[in-house]
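Colleague: Got a minute to go through this one with me? I'd like to pick at a few spots.

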Amino acid sequence: MSLLSSDTLLNQHSYYEASTRRLVHGEPLVDDVRADVVVIGAGFTGLTAAIDLAQQGLQVVVLEADRIGSGASGRNGGQALVGFASGQAELEQQLGLADAKRAWDISLDAVALLKERLNQHAIDADWRSGALTVATTARKARALRADADQWATRYGFETQWLDAPALSQHILSPRYQGGIHEEVSGHLHPLKYALGLAQVARSLGVRMHEHSAALSLDTGPPALVRTATGSVTADFVVLAANSTLGAWSPKIAPAMHARIMPVGTYIAATPPLSEAQAHDTLPSCSAVCDTQFVLDYFRLSADRRLLFGGRVSYTTMTPPGLKGLMQKRIAQVFPQLGRMPIDYLWGGFVDISMNRAPDWGRLAPHVYYAQGFSGHGVALTGMAGRLIAQAIQGQASGFDLFARLKHRPFPGGPLWRTPLLALGMAYHRMKDWF
Ligand SMILES: Cc1cc2nc3c(=O)[nH]c(=O)nc-3n(C[C@H](O)[C@H](O)[C@H](O)COP(=O)(O)OP(=O)(O)OC[C@H]3O[C@@H](n4cnc5c(N)ncnc54)[C@H](O)[C@@H]3O)c2cc1C
């Protein structure tokens with residue numbers, strides 16, 4: 001079954017689509033063109049790389065299989081967070097403490113860079129500072145606090161520890177036993193951000209083609225990328241197609257694709273809460289995520305809707321009865337809201353790597369890729385775009401720090417990796433319950 005099957009919620013309109021006007025469009029590619037760089041995928045990674053490269057005077061063509069920002073970038077939880085999905089232990093083990101600290105600092109820079117781009121280009125994407133991570137059990141709260149202590153002692157990153165009663169500054173829920181709050185991270189309307197980036201790219205002369213899936217890649221050099229109706233010959237290629245690359249063109253980079261598992265995750269948007277309801281659920285408007293293996297993540301939108309993310313699917317099928325399940329989750333976290341109506345419900349695919357660390361590298365000296373953001377890519381993708389652009393310009397030290405991280409393919413090959421992962425995840429969920 002195709003990842004982009006109509007059985008999935010991918011084709012449904014999200015709250016983000018409903019609250020944004022698409023002013024940037026790109027006609028399909030219908031000719032054979034020459035460029036300095038061809039970027040495959042118009043999400044945060046591809047768009048930010050394109051902007052930086054165009055600012056350096058390079059001619060850039062972006063090929064997008066669907067529409068700009070229609071992948072994970074335009075449908076995510078909007079939480080722009082410091083750090084990495086893998087946690088720091090994986091990075092310390094693979095890179096050593098000094099380089100793990102460098103990577104951590106780059107993750108801080110990634111959030112700063114996102115804010116800088118919003119300000120510099122006057123992109124109004126409803127930015128709000130503040131992020132809260134919460135634990136559902138006393139044991140998990142101790143583990144979270146230990147993590148926060150390590151961030152402080154090893155990386156100099158201070159957060160505020162809140163025990164259960166103190167959490168009420170940020171969240172009114174009986175579910176959590178403690179949490180950490182910080183103001184570096186925050187949240188935004190991701191599709192407004194993606195479309196804002198696209199407008200900047202357009203103003204810099206980047207050629208963007210929607211409905212133009214790259215169907216084959218001959219690495220050359222020069223590289224040749226073919227679509228159904230045209231081709232781009234370019235000195236450099238940026239593969240920024242995330243977990244959906246294999247769906248559009250499984251043959252472009254099969255080895256790369258084998259290291260990524262597309263996992264469906266879903267978001268429900270309630271109608272706007274009243275001011276009193278908002279104050280009695282998330283008074284500080286911080287973004288929230290918990291530390292469950294299959295986590296809940298939620299926040300208020302600018303018009304005070306509760307955007308509640310959670311559930312996962314390891315097949316491409318939407319879980320049955322999803323709306324009811326999401327309503328139940330919301331009521332568990334916020335019993336005071338009762339069974340909330342749902343105005344919008346949609347999903348998307350997270351590109352997880354086996355160790356949840358970023359999987360960036362080169363297929364050939366001039367063919368760059370960045371994948372494996374593992375559900376932690378809103379800020380980091382913009383840094384991936386910058387570091388790829390720098391590497392193409394000959395300054396590769398930032399990019400190569402991440403390219404050193406080793407990754408394994410998911411066991412089981414294309415046929416068995418999904419059932420094997422589902423089994424592994426079921427085990428972790430059982431651990432969460434007990
Ligand atoms: C529901 C959901 C919630 C999430 N919540 C958060 C969150 O709160 N915080 C966080 O940090 N991260 C979150 N993430 C992850 C984050 O959204 C991603 O890490 C990030 O958007 C990835 O950006 P990208 O540009 O690499 O990929 P994408 O945005 O997926 O862009 C890739 C693009 O490539 C295109 N494409 C694919 N194949 C081809 C081809 N052959 N030719 C041309 N184009 C192609 C796709 O159509 C797509 O538009 C979430 C993801 C999802 C799905």
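Colleague: Leaving aside neighbours within four places in sequence, which residues is Gly-361 in contact with?

Modeller: Those would be Tyr-369 and Ala-403. Keep in mind that this is a predicted model.

Colleague: Where does Gly-361 sit, and is that spot buried or exposed?

Modeller: Gly-361 is in strand S16. It counts as buried because it has 20 C-beta neighbours inside 10 Å, and 20 is the cut-off for that label.

Colleague: What does S16 pair with?

Modeller: With S17: residues 359-364 and residues 367-371 run antiparallel, over five bridges. Trp-360, for instance, has Ala-370 in S17 as its bridge partner.

Colleague: How many residues are in the hairpin that joins them?

Modeller: Two residues take the chain from S16 to S17. As for distances around there, the C-alpha atoms of Gly-361 and Gln-371 are 9.0 Å apart, with their positions 10 residues apart along the chain.

Colleague: Switching to Ala-253. Which elements is it between?

Modeller: Ala-253 is in the loop between H7 and helix H8, the latter being 254-258.

Colleague: So is that loop residue buried or exposed?

Modeller: Ala-253 is buried, because 21 other C-beta atoms lie within 10 Å of its own.

Colleague: What does Ala-253 touch, away from its sequence neighbours?

Modeller: Outside the four places either way, Ala-253 is in contact with Leu-239, Leu-245, Leu-363 and Tyr-369. Tyr-369 came up before, as a contact of Gly-361.

Colleague: And how far is Ala-253 from Phe-293?

Modeller: Their C-alpha atoms are separated by 29 Å, and the two are 40 residues apart along the chain.

Colleague: On to the ligand. How many residues surround it, and which are the closest?

Modeller: There are 44 in the shell, and the closest are Gly-41, Gly-43, Gly-71, Gly-77 and Gly-377. The elements giving two or more residues are helix H2 (44-55), helix H7 (245-248), strand S11 (260-272) and strand S15 (344-353).

Colleague: Which of those gives the most?

Modeller: S15, with four residues in the shell.

Colleague: What's the chemistry of the shell, by residue class?

Modeller: It divides into 22 polar, 19 nonpolar and three charged residues.

Colleague: Back to S15. Why call it largely enclosed?

Modeller: Nine of its 10 residues are buried, so the rest of the structure largely encloses S15. S15 also pairs with S11 in the antiparallel sense, over 10 bridges. One of the bridge pairs there is Pro-262 with Asp-351 of S15.

Colleague: Zooming out, what's the overall make-up?

Modeller: The secondary structure comes to 13 helices and 17 strands. Of the 434 residues, 51% count as buried. Among contacts with a separation of 6 or more, 75% link residues 24 or more positions apart.

Colleague: What radius of gyration does the protein have, and what would a compact globule have?

Modeller: The protein has 21 Å, which agrees with the value near 22 Å for a compact globule of 434 residues. The C-alpha trace spans about 60 × 45 × 45 Å along the principal axes.

Colleague: Last one: what's the mean pLDDT, and where is it below 50?

Modeller: The mean is 92, and 91% of residues reach 70 or more. Residues 1-7 are below 50, although that stretch has 16 contacts in the model beyond near neighbours in sequence. Where pLDDT is low, the predicted coordinates should not be read in detail.

Technical notes: Residues are numbered from 1 along each chain as its sequence is written. This is a predicted model: local features need pLDDT of at least 70, side-chain atom pairs count only at pLDDT 80 or more; totals for chains, interfaces and linings use all residues. The radius of gyration is taken over C-alpha atoms; the globule rule is 2.2 Å times the number of residues to the power 0.38. A residue is buried if 20 or more other C-beta atoms lie within 10 Å of its own, exposed if 12 or fewer, and partly exposed in between; C-beta atoms are placed from the backbone. Two residues are in contact if their C-beta atoms, placed from the backbone, lie within 7 Å. A residue is near a molecule or strand if its C-beta atom, placed from the backbone, lies within 6 Å of it. Ala, Val, Leu, Ile, Met, Phe, Trp, Tyr, Cys and Pro count as nonpolar, Asp, Glu, Lys and Arg as charged, and the others, Gly among them, as polar. Two strands pair if DSSP finds at least two bridges between them. pLDDT is the predictor's confidence in each residue, from 0 to 100.
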